[in-house]
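Student: I am new to this structure and should like to understand how its parts are arranged. Might we proceed by questions and answers?

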Amino acid sequence: GKRIAMMTSGGDSPGMNGAIRAVIRTAIERGCEAYCIYEGYEGLVQGGNLIRKMGWSDVRGWLSEGGTLIGTARCMAFYERPGRLQAAKNMVLNGIDALVICGGDGSLTGADKFRAEWPGLIEELVQKKELTAQQIAPYKHLNIVGLVGSIDNDMSGTDATIGCFSALARICEMVDYIEATASSHSRAFVIEVMGRHCGWLALMAGVACGADFVFIPEKPRADDWQQEMCKVIAEHRKIGKRKTIVLIAEGAHDRHGNKISAEQIKVLLSDPTKCGLSLDTRITTLGHVQRGGTAVAYDRYLSTLQGVEAVNAILDATPETPTPFIAINENKITRKPLVQAVIDTKEVAKAIDAQDYDRAMKLRDTEFSD
Ligand code: ATP
């Protein structure tokens, strides 16, 4: 059987532990040896006790745990070839011939690069006399499969990433808490949510919580955005709404690329000399509560099914198969070429349909009160 190692890399997301559990147990069940690489690529580069063999019961109870129990890290060394050489050496020394990596597009890009450089990396190690030709003989091919773990839902080619629905649920819960106090005091809240490049969380939370206004990176605002926002909010107030919720993704900006900040919005809502509004306005930055906590049922389900499929993909792989990642499309678990998805992610972002956005926001009070 193969010797399959599981690793988590980049930012953590709820559901990663479900993926680890599924990969480890499926590997064992399929007659393979299972390993975990702790601390992301750092563990692969450093080796030693950061690479550990796993048994069936080592992952017991992991499904409902938040974060990643095998650690994650950003690893500078892996960006450079000497770091990847060291990683390749540790793979051979531990007899690992297949890797499943759960991370964001950066982590998966690094994985594909690593595979593309194989077996050049291990041949170089022989030239440098760090390994013998005999040692590397069984490792001519490296199999890698990606799982997308990210709270942002920012990968093209898949409907959902592992963790995004947990983060969304957490945001909605927090907005509910804030709404109770906001309407008690008739206040406005500007709530900043994660999403530097992808506004999926902010938009979905805006729809799910009935926010008054949402700023996302995919919809750069026109020059009159201040007036537009204030007009909508003034109308909501006029028809008797006691609370105002504005959601802003970290990467919100106008059409010139200037950042739109929570502080700026607060001034617009509270300073009557700006747009005529004088709302008692507070800013809440949700921060890392969005990442933490346990995975919702959907992420446990998704990570488990995708983890099983990752091992299947490893066992089906031939040297010619382009590196796959495991996706979900219309409720079917699928395998897709990784490189193309990474390119699409960079070029078109995860397309949030402008029409969908406008339709969703039409459900606000104003549109009905006209
Ligand atoms: P997140 O969604 O949290 O940003 P990510 O996987 O995209 O997750 P990155 O910080 O981009 O996060 O990547 C994690 C690690 O993967 C890096 O620290 C580095 O070790 C490795 N990595 C990323 N991109 C590359 C690359 N182009 N070449 C080699 N290694 C890379």
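Student: In what order do the strands of the open sheet of four strands lie?

Tutor: The model is predicted. The pairing in this open sheet is parallel. The edge strands, each pairing on one side only, are β7 (213-215) and β9 (281-285). The twist averages 15 degrees from one strand to the next. Read across the sheet, the order is β7-β8-β6-β9.

Student: Which residue of β9 stands opposite E192?

Tutor: Strand β6 (residues 188-193) runs parallel to β9, and five bridges join the two. Opposite E192, the residue in β9 is T285.

Student: At about what angle to β6 does helix α7 run?

Tutor: Helix α7 comprises residues 164-185 and lies across β6, β8 (244-249) and β9. Its direction relative to β6 is about 165 degrees.

Student: What is the handedness of the β-α-β crossover from β1 to β2?

Tutor: Strand β1 (residues 3-8) and β2 run parallel and are joined by five bridges; R3, for instance, has E33 as its bridge partner in β2. Between β1 and β2 the chain passes through helix α1 (residues 16-29), and this crossover is right-handed.

Student: Which residue in β3 is the bridge partner of C36?

Tutor: Strand β2 (residues 33-37) has four of its five residues buried. Four bridges join β2 to strand β3 (residues 51-54), and these two strands run antiparallel. The partner of C36 in β3 is R52.

Student: Which helix gives the largest share of the shell around the ligand?

Tutor: Of the 17 residues around the ligand, those that come nearest are G10, G11, G104, G106 and G110. The shell divides into four nonpolar, ten polar and three charged residues. Its largest share, six residues, comes from helix α4 (residues 105-117).

Methods. Residues numbered from 1 in each chain as written. Predicted model: local features only at pLDDT ≥ 70, side-chain atom pairs only at ≥ 80, totals over all residues. Near = placed C-beta within 6 Å. Nonpolar A, V, L, I, M, F, W, Y, C, P; charged D, E, K, R; others polar. Buried ≥ 20, exposed ≤ 12 C-beta atoms within 10 Å, placed from the backbone. Pairing = 2+ DSSP bridges. Right-handed = clockwise from strand over helix to strand, strands pointing away. Axes fitted to C-alpha atoms, helices over the stretch in contact; angles between N-to-C directions. Contact = placed C-beta atoms within 7 Å.
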